[in-house]
Every structure is written in C-alpha cells, then in structure tokens.
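Trainee: Could you take me through one part of this model closely, beginning with the overall layout and then staying with a single element and whatever packs against it? I would like to see how the values fit together.

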Amino acid sequence: MKITVYTDGKAEELQKKVKPTITASSIRVLDQPVAAITEKPAAPVAAPVTPTPQDAEEADRIRVNQGELYRQKCKLANQLVDLAETGTQEQRKELVDLILFNKSIYNSNAIALQHFEKTGVLPREPEPEKPKLSEMDKVELLQRRGNVRANISKAKKLVERHQHNPSRVVIYQNKLASLQAELSEIEERLIQG
C-alpha cells in the first residue's frame, strides 16, 4: 500500500495565511505499509510468578479495602459540599485532611496492587533496624533490659501454652534463647559501663 501526499492550490493558499508546519521538502511518498511504521516492537514478557496464598489473600483484602476507602472518600466529599455553606472553616479543614489521608492510603494500596499484578508478590516494608547495644547509653540499656525481660517472660508463657504443638514450641524456644542471649549482653554492657 502506497500513500502519496499531494499539495493543491487550496493547501498553498492556506500555507500563505498560516505558518506552514509542513514544507514542500517534507512531502514524500511512503513505500512502506502504514502498519509497519506504526507498530511498536513487543516488550519481552516476563515469566509469570505464582503468588503465595498469603500474598493473594492480602491482595484481596487490599482490593476490598480500596472499595471501602473509595466509598468513604465519596461520603466525605459530599459532607464537604454540605459544609461549604453552613460549616466553619475548621470543620472543612478537618474533612479535607481526612479526605487527603484516605487518598494517600488509597494511592499506596494501588501501587502495592500494581506491583502484585506485575510480580505476583506484594511489596514488603523493610524491618526497622534495632539500635546496636554498643551505641546505647546507660539509660537506653536499662530500658532495653526491662523490655527484654518482659519479652522473655512472654516467650516462656508461649512455650508452656503451646506444648501440644512441637513446631510452635521450637519457634518460641529459639526466640527465648535469642532474648536470653541479648539480656546477658545487655547486663555485661551495664557492668562495663
């Protein structure tokens, strides 16, 4: 299929009135089919990842939450319209802040769902780093020691409570051992410090 572009007298008159965007030198005959020019090369398709059941369930919960957020945003927007005439500026500001807060949650959920659709895995937030014991002062060490002692007590109770489930007992015993090691390290630091 060939496409030829012609200029006629009307086009030349129009070009005199308006700055020409097409010049005579840019008029040419196209030898290729139009489809060959406009088609973009296909992007390589990544192998689909099978989502874990936990991620799939969480994605479903996010989708339900998205609907609830959208409905709540609509209700708040309607309340804002009602308050435009009768409400105070403070009431309107509170509603606007709430709408913006919902919007930020909605947008972050949408990004997570897009990531899930592409990769089959929900994005994970990195776990915050615990401060190193060597960088803590005496007050922080004392506070940490109290927290660790409380966590040791909880872990002991969990071990006792789950004696019938060996897999859970192993998990809680490992947690208990790591907490006891941390407690001994904290006490050594307190003695040195």
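Mentor: The secondary structure of the chain comes to 6 helices and 2 strands, and the elements follow one another along the sequence in the pattern β-α-β-α-α-α-α-α. Please keep in mind throughout that this is a predicted model. Of the 193 residues in the chain, 18% are buried. If we take the contacts between residues at least 6 apart in sequence, 67% of them join residues that are at least 24 apart.

The part I would choose for a close look is helix H6, which runs over residues 166–192. With its 27 residues, H6 reaches 39 Å from its first C-alpha to its last, and this is close to the 39 Å expected at 1.5 Å a residue. Its buried residues are Val-169, Tyr-172, Leu-176, Leu-179, Glu-182, Leu-183, Ile-186 and Leu-190. When you read through that list, it helps to recall that an α-helix has 3.6 residues a turn, so residues three or four places apart point the same way. Notice also that the buried set includes a glutamate, Glu-182.

What lies over this buried set? Helix H5, covering residues 138–161, is part of what covers the buried residues of H6. The two helices, H5 and H6, pack with their axes 9 Å apart and at an angle of about 155°. Because that angle is over the 145 degrees used as the cut-off, H5 counts as roughly antiparallel to H6. The crossing in which H5 passes H6 is left-handed, and the residues in the contact of H5 with H6 divide into 14 nonpolar, 3 polar and 8 charged.

Three residues of H6 let us follow this packing at the level of single side chains. Leu-176 belongs to helix H6, and its relative accessibility is 14%, so it counts as buried, the cut-off being under 20%. Leaving aside residues up to four places away in sequence, Leu-176 touches Ile-152, Ala-155 and Lys-156. For one of these partners there is also a backbone distance, since the C-alpha atoms of Leu-176 and Lys-156 are 7.0 Å apart in space, with their positions 20 residues apart in sequence.

Glu-185 also lies in helix H6, but at 37% relative accessibility it counts as partly exposed. Its C-alpha is 8.2 Å from that of Leu-133, although the two residues are 52 apart in sequence. Arg-189, which is likewise in H6, has a relative accessibility of 31% and therefore counts as partly exposed. With residues up to four places away in sequence not counted, Arg-189 touches Leu-133, Ser-134 and Leu-141. The C-alpha atoms of Arg-189 and Asp-137 are separated by 9.6 Å, and these residues are 52 apart along the chain.

To set H6 in context, it is worth looking at another helix pair in the chain. Helix H3 (residues 53–86) and helix H4 (residues 89–119) pack at about 155°, and their axes are 9 Å apart. That angle makes H3 roughly antiparallel to H4, and H3 passes H4 in a left-handed crossing. By class, the contact of H3 with H4 holds 19 nonpolar, 7 polar and 5 charged residues.

The geometry of these two helices can be checked as it was for H6. The 34 residues of H3 should span 50 Å at 1.5 Å a residue, and the end C-alpha atoms are 49 Å apart, which agrees. H4, with 31 residues, reaches 45 Å from its first C-alpha to its last, close to the expected 45 Å. In H3 the buried residues are Asp-55, Ala-59, Ile-62, Gln-66, Leu-69, Leu-76 and Leu-83, and H4 is part of what covers them. In H4 they are Leu-95, Ile-99, Asn-102, Asn-109, Ala-112, Leu-113 and Phe-116, with H3 included in what covers them. H4 is then followed by Gly-120, which has a positive phi near 85°.

Notes
Residues are numbered from 1 along each chain as its sequence is written. This is a predicted model: local features need pLDDT of at least 70, side-chain atom pairs count only at pLDDT 80 or more; totals for chains, interfaces and linings use all residues. Side-chain values use heavy atoms; hydrogens and water are left out. Axes are lines fitted to C-alpha atoms, for helices over the stretch in contact, and angles run from 0 to 180 degrees between N-to-C directions. Helices (H or I, at least four residues) and strands (E, at least two) are DSSP runs, numbered from the N terminus. Angles under 35 degrees count as roughly parallel, over 145 as roughly antiparallel, 65 to 115 as roughly perpendicular and the rest as oblique. A crossing is left-handed if the near helix is turned anticlockwise from the far one by less than a right angle, and right-handed if clockwise. Ala, Val, Leu, Ile, Met, Phe, Trp, Tyr, Cys and Pro count as nonpolar, Asp, Glu, Lys and Arg as charged, and the others, Gly among them, as polar. The expected span of a helix is 1.5 Å times one less than its number of residues. Buried means under 20% relative accessible area, exposed over 50%, partly exposed in between (1.4 Å probe, protein chains only). Contact means heavy atoms within 4.5 Å.
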